[in-house]
Amino acid sequence: MTIVLFYQGTWQYMSAALLCDPGKEIEVPDELEAFFYVILYHAVRYLHSNIVDVGSWIENYFDSYTIVDGIYACGSKKAFSIRI
């Protein structure tokens, strides 16, 4: 028997819990966290801040990942900020 795991949504905006457990059922807190990431992305991207390299920050936070038992999982920056 083969178990196929898949992600539903845009990786960058998915909740840390869903990224660490792709078989998890999507719940309201996951959707609220995703909405927060949309706001965070646009705030970092378009508002003036003290971030020296915005592109690198966005890549490290939104696009990074870890591999656990051969499965892609949430990156360390996002996981640490949410502390799942």
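# Helix packing, salt bridges and selected residues in a predicted model

User: In this predicted model, at what angle do the axes of helix α2 (residues 28-46) and helix α3 (residues 54-63) cross?

Analyst: Two packed helices are described by the angle between their axes and the distance between the axes. For helix α2, residues 28-46, and helix α3, residues 54-63, the axes come within 10 Å. The crossing angle of these two axes is roughly 165°.

User: Are α2 and α3 roughly parallel or roughly antiparallel to each other, and what is the hand of the crossing?

Analyst: The axes of α2 and α3 cross at roughly 165°, and angles over 145 degrees count as roughly antiparallel. The two helices are therefore roughly antiparallel to each other. As for the hand, the crossing in which α2 passes α3 is right-handed.

User: Which residues make the contact between α2 and α3, and how many of them are charged?

Analyst: On the side of α2 the contact is made by Tyr37, Leu40, Tyr41, Val44 and Arg45, while α3 brings Val54, Trp57, Ile58, Tyr61 and Phe62. Sorted by kind, the residues of this contact include nine that are nonpolar and none that is polar. The number of charged residues in the contact of α2 with α3 is one.

User: Is Tyr37 buried or exposed, and what is its relative accessible area?

Analyst: Tyr37 has its place in helix α2, and it is one of the residues through which α2 makes its contact with α3. A residue counts as buried when its relative accessible area is under 20%. Tyr37 is therefore buried, with a relative accessible area of 0%.

User: Which residues does Tyr37 touch, not counting residues up to four places away in sequence, and how far apart in space are Tyr37 and Lys78, C-alpha to C-alpha?

Analyst: Leaving out residues up to four places away in sequence, Tyr37 touches Gln12, Tyr13, Met14, Ser15, Ala16, Tyr61, Phe62, Lys78 and Ile82. Of these, Tyr61 and Phe62 also belong to the part of α3 that makes the contact with α2. Tyr37 and Lys78 are 41 residues apart in sequence, and their C-alpha to C-alpha distance in space is 9.8 Å.

User: Is Phe36 buried, partly exposed or exposed?

Analyst: Phe36 lies in helix α2, as does Tyr37. The relative accessible area of Phe36 is 43%, whereas that of Tyr37 is 0%. With its value of 43%, Phe36 is partly exposed.

User: How many salt bridges does the structure hold, and which residues do they join into one network?

Analyst: The structure holds two salt bridges. In one of them the side chains of Glu27 and Lys24 meet at 3.8 Å, N to O, and in another Lys24 is bridged to Asp30, with the closest N and O atoms 2.6 Å apart. Salt bridges that share partners thus make one network of Lys24, Glu27 and Asp30.

User: Which residue of this network counts as buried?

Analyst: Glu27 has a relative accessible area of 43% and is partly exposed, and Lys24, at 25% relative accessibility, also counts as partly exposed. The cut-off for buried is a relative accessible area under 20%. At 5% relative accessibility, the residue that counts as buried is Asp30.

User: Where is Ser64 found, and which residues does it touch, not counting those up to four places away in sequence?

Analyst: Ser64 is found in the loop between α3 and β1, the strand of residues 65-68, and at 22% relative accessibility Ser64 counts as partly exposed. The C-alpha atoms of Ser64 and Phe36 are separated by 18 Å. Not counting residues up to four places away in sequence, Ser64 touches Trp11, Glu59, Gly75 and Ser76.

User: What is the phi of Asp69?

Analyst: Asp69 is found in the loop between β1 and β2, the latter covering residues 71-74, and at 76% relative accessibility Asp69 counts as exposed. Although Asp69 is not a glycine, its phi is positive, at about 50°.

User: What pattern does the protein follow when read along the sequence?

Analyst: There are four helices and two strands in the protein, whose C-alpha trace spans about 50 × 25 × 20 Å along its principal axes. Buried residues make up 24% of its 84 residues. Read along the sequence, the pattern is α-α-α-β-β-α.

How values were computed
Residues are numbered from 1 along each chain as its sequence is written. This is a predicted model: local features need pLDDT of at least 70, side-chain atom pairs count only at pLDDT 80 or more; totals for chains, interfaces and linings use all residues. Side-chain values use heavy atoms; hydrogens and water are left out. A salt bridge is a side-chain nitrogen of Lys or Arg within 4 Å of a carboxyl oxygen of Asp or Glu. Buried means under 20% relative accessible area, exposed over 50%, partly exposed in between (1.4 Å probe, protein chains only). Axes are lines fitted to C-alpha atoms, for helices over the stretch in contact, and angles run from 0 to 180 degrees between N-to-C directions. Angles under 35 degrees count as roughly parallel, over 145 as roughly antiparallel, 65 to 115 as roughly perpendicular and the rest as oblique. A crossing is left-handed if the near helix is turned anticlockwise from the far one by less than a right angle, and right-handed if clockwise. Contact means heavy atoms within 4.5 Å. Ala, Val, Leu, Ile, Met, Phe, Trp, Tyr, Cys and Pro count as nonpolar, Asp, Glu, Lys and Arg as charged, and the others, Gly among them, as polar.
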